[in-house]
Amino acid sequence: MPIKDGKRYCINHPNARMNRTGTLKALANVEGNAMEGTISPNSGLVVMPFVCEECGYLEMYVADKTQQDKTQQDKK
Ligand SMILES: [Zn+2]
């Protein structure tokens, strides 16, 4: 999603801001290939999704690369 002046906008709606989801999410790793792989819940990326309220378009950033608050670090 384009970031203008620190604000995130939908690629379909250049004037619509994208809203953060309430919590961080996880993209779990897959061990193996696309056909036979299994989801590995102990590894992956912590991500911060953003959603366009107009069209539902969803994009995400890796959470630890952003300047957002780190309030979710208590889960181990
Ligand atoms: Zn949109």
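Modeller: Two strands count as paired if DSSP finds at least two bridges between them. Strands (E, at least two residues) and helices (H or I, at least four) are DSSP runs, numbered from the N terminus. This is a predicted model: local features need pLDDT of at least 70, side-chain atom pairs count only at pLDDT 80 or more, and totals for chains, interfaces and linings use all residues. Residues are numbered from 1 along each chain as its sequence is written.

Biologist: Happy to start there! How many helices and strands are there in the chain?

Modeller: The chain has six strands and zero helices, so the pattern along the sequence reads β-β-β-β-β-β.

Biologist: Which strands pair with S5, and in which sense?

Modeller: S5 covers residues 38–52, and three strands pair with it, each in the antiparallel sense. Seven bridges link S5 to S4 (residues 25–31), five link S5 to S6 (residues 58–62), and three link S5 to S3.

Biologist: Which residue of S5 is the bridge partner of Asn-19?

Modeller: Asn-19 has Val-51 as its partner in S5. On the S4 side, Leu-27 is bridged to Leu-45, and Glu-31 to Thr-38. On the S6 side, Pro-49 faces Met-60, while Phe-50 is opposite Glu-59. In a regular strand the side chains alternate between the two faces of the sheet.

Biologist: What joins the hairpin strands, and where is the phi positive?

Modeller: Between S4 and S5 there are six residues, and Gly-32 in that turn has a positive phi of about 105°. The hairpin of S5 and S6 has five residues between its strands, with Gly-56 in the turn at a positive phi of about 80°. Most residues other than glycine have a negative phi. Asp-5 is not a glycine, yet has a positive phi of about 55°; this residue sits in the loop between S1 (3–4) and S2 (7–8).

Biologist: Is Asp-5 buried or exposed?

Modeller: Count the other C-beta atoms, placed from the backbone, within 10 Å: 20 or more means buried, 12 or fewer exposed, and in between partly exposed. Asp-5 is exposed because its count is 4. Gly-22, in the loop between S3 (18–20) and S4, is exposed too, because its count is 5. Met-48, in S5, has 19 neighbours and is therefore partly exposed. Of the 76 residues in the chain, 4% count as buried.

Biologist: What is 5.2 Å from Met-48 in space, C-alpha to C-alpha?

Modeller: That is Ala-63, 15 residues apart from Met-48 in sequence. Gly-22 is 26 residues from Met-48 along the chain, and their C-alpha atoms are separated by 9.1 Å. Contacts (C-beta atoms, placed from the backbone, within 7 Å) tell a chain-wide story: among those between residues at least 6 apart in sequence, 36% join residues at least 24 apart.

Biologist: Where does pLDDT stay under 50?

Modeller: That happens over residues 69–76, for which the model has one contact beyond four places in sequence. The score is the predictor's confidence in each residue, from 0 to 100. Where pLDDT is low, the predicted coordinates should not be read in detail. The chain mean is 86, and 86% of residues reach 70 or more.

How values were computed: Two residues are in contact if their C-beta atoms, placed from the backbone, lie within 7 Å.
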